Amino acid sequence: MAQVKKIEKEFEVRCPVDKMYEFFRYNIAQFTKILPEHYKSCQLLEGDGKGYGTVRLWTYTLGGPEVMVAKEAFKAIDDANKTITYRIFDADLNRMYKSFDVVVKVVPKANGSGSLVKFHVLYEKEHEDHPHPHPYLELFSKVTNTIDSHLHKP
């Protein structure tokens, strides 16, 4: 029986915790504007885009020529701890992964300036020989750096 595995990475940003968290919580549809080379479209299928019941259809690329689609929904929202879990489903990646959740947590940096954005990908492989989803962590690195720059525009 396959088991859920986890890969994780954290990124330092200049943005304050609240500003960065609010972007992931309320404005991720802006990915198509600030990172169009990766996020081709985002369509709101259900809900208000800000809470439970929201379902979005994404068209995206990991940087290569293959364009993929995925639906995304809020699985868990913990505003007090600045943590969001997104469930990814009805997706091209489900050919390789039975389940795929992305957890984003934003915490203050130890020195009090800026924040850390922590990503955890929880996944279950469809077959054991399928690769780990490390390319998604690379995409999240680009996303985080781009959001940080976008929120610090003069």
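## A tour from the inside out

Start by selecting helix α3, which gives the lining of the largest cavity its largest share, four residues. Before going further, note that this is a predicted model: local features need pLDDT of at least 70 and side-chain atom pairs count only at pLDDT 80 or more, while totals for chains, interfaces and linings use all residues. Residues are numbered from 1 along each chain as its sequence is written, and side-chain values use heavy atoms, with hydrogens and water left out. Helices (H or I, at least four residues) and strands (E, at least two) are DSSP runs, numbered from the N terminus.

**Stop 1: the cavity**

Rolling a probe the size of a water molecule over the atoms shows where empty space is left. Here, on a 1 Å grid over the protein atoms alone, a cavity is a set of points where a 1.4 Å probe fits but cannot get out; a pocket is an open set with protein on both sides within 12 Å along at least five of seven lines; and lining residues have an atom within 4 Å of a point. Grid points are joined across faces, edges and corners, and a volume is the space filled by probe spheres set on the points.

How many cavities of 30 Å³ or more turn up? The count is one, and the volume of the largest cavity is about 310 Å³. Select Phe31, Tyr39, Ile88, Val102 and Phe140: of the 19 lining residues, these lie nearest the centre. Now colour by element, and you'll see that β3, β4, β5, β6 and α3 each put at least two residues into this lining.

For the chemistry, Ala, Val, Leu, Ile, Met, Phe, Trp, Tyr, Cys and Pro count as nonpolar, Asp, Glu, Lys and Arg as charged, and the others, Gly among them, as polar. By that scheme the cavity lining has 18 nonpolar residues, no polar ones and one charged.

**Stop 2: along α3**

Stay on α3, residues 134-151: its 18 residues reach 26 Å from first C-alpha to last, close to the 26 Å expected at 1.5 Å a residue (the expected span is 1.5 Å times one less than the number of residues). Which residues of α3 are buried? Buried means under 20% relative accessible area, exposed over 50%, and partly exposed in between (1.4 Å probe, protein chains only). The buried set is Tyr136, Leu137, Leu139, Phe140, Ser141, Val143, Thr144, Ile147, Asp148 and Leu151.

**Stop 3: the pocket**

Keep Tyr136 selected and move to the largest pocket, with about 180 Å³ of space. Add Leu62, Met68, Met96 and Tyr97: together with Tyr136, they are the closest to its centre among the 13 residues that line it. This lining splits into nine nonpolar, one polar and three charged residues.

**Stop 4: salt bridges**

Side chains of opposite charge can pair when their charged atoms come close. With a salt bridge taken as a side-chain nitrogen of Lys or Arg within 4 Å of a carboxyl oxygen of Asp or Glu, the count comes to 14.

- Select Glu72 and Arg56, whose side chains meet in a salt bridge at 3.0 Å, N to O. Glu72 is in strand β4 (residues 68-78) and Arg56 in strand β3 (residues 55-60), so the pair ties together parts 16 residues apart in sequence. Glu72 is buried at 3% relative accessible area, and Arg56 is buried at 3% too.
- Next come Lys5, Lys125 and Glu128, which salt bridges with shared partners join into one network.
- Then pick Lys109 and Glu12, a salt bridge with its closest N and O atoms 3.4 Å apart. Lys109 sits in the loop between β6 (97-108) and β7 (115-125) and Glu12 in strand β1 (residues 5-13), so this pair links parts 97 residues apart in sequence. Lys109 is buried at 17%, whereas Glu12 is exposed at 57%.
- Finish with Lys6 and Glu8, a salt bridge at 4.0 Å, N to O. Lys6 is partly exposed at 48% relative accessibility, and Glu8 is partly exposed at 48% as well.

**Stop 5: cysteines and loops**

How many disulfides does the structure hold? Zero, by the rule that a disulfide is a pair of cysteine sulfur atoms within 2.5 Å. Take a look at Cys15, buried at 0%, and Cys42, partly exposed at 23%.

Last, two loop residues. Lys82, in the loop between β4 and β5 (83-89), has phi near 55°, a positive value in a residue other than glycine. Asp90, in the loop between β5 and β6, also has a positive phi, near 45°. Asp90 is exposed at 52% relative accessibility.
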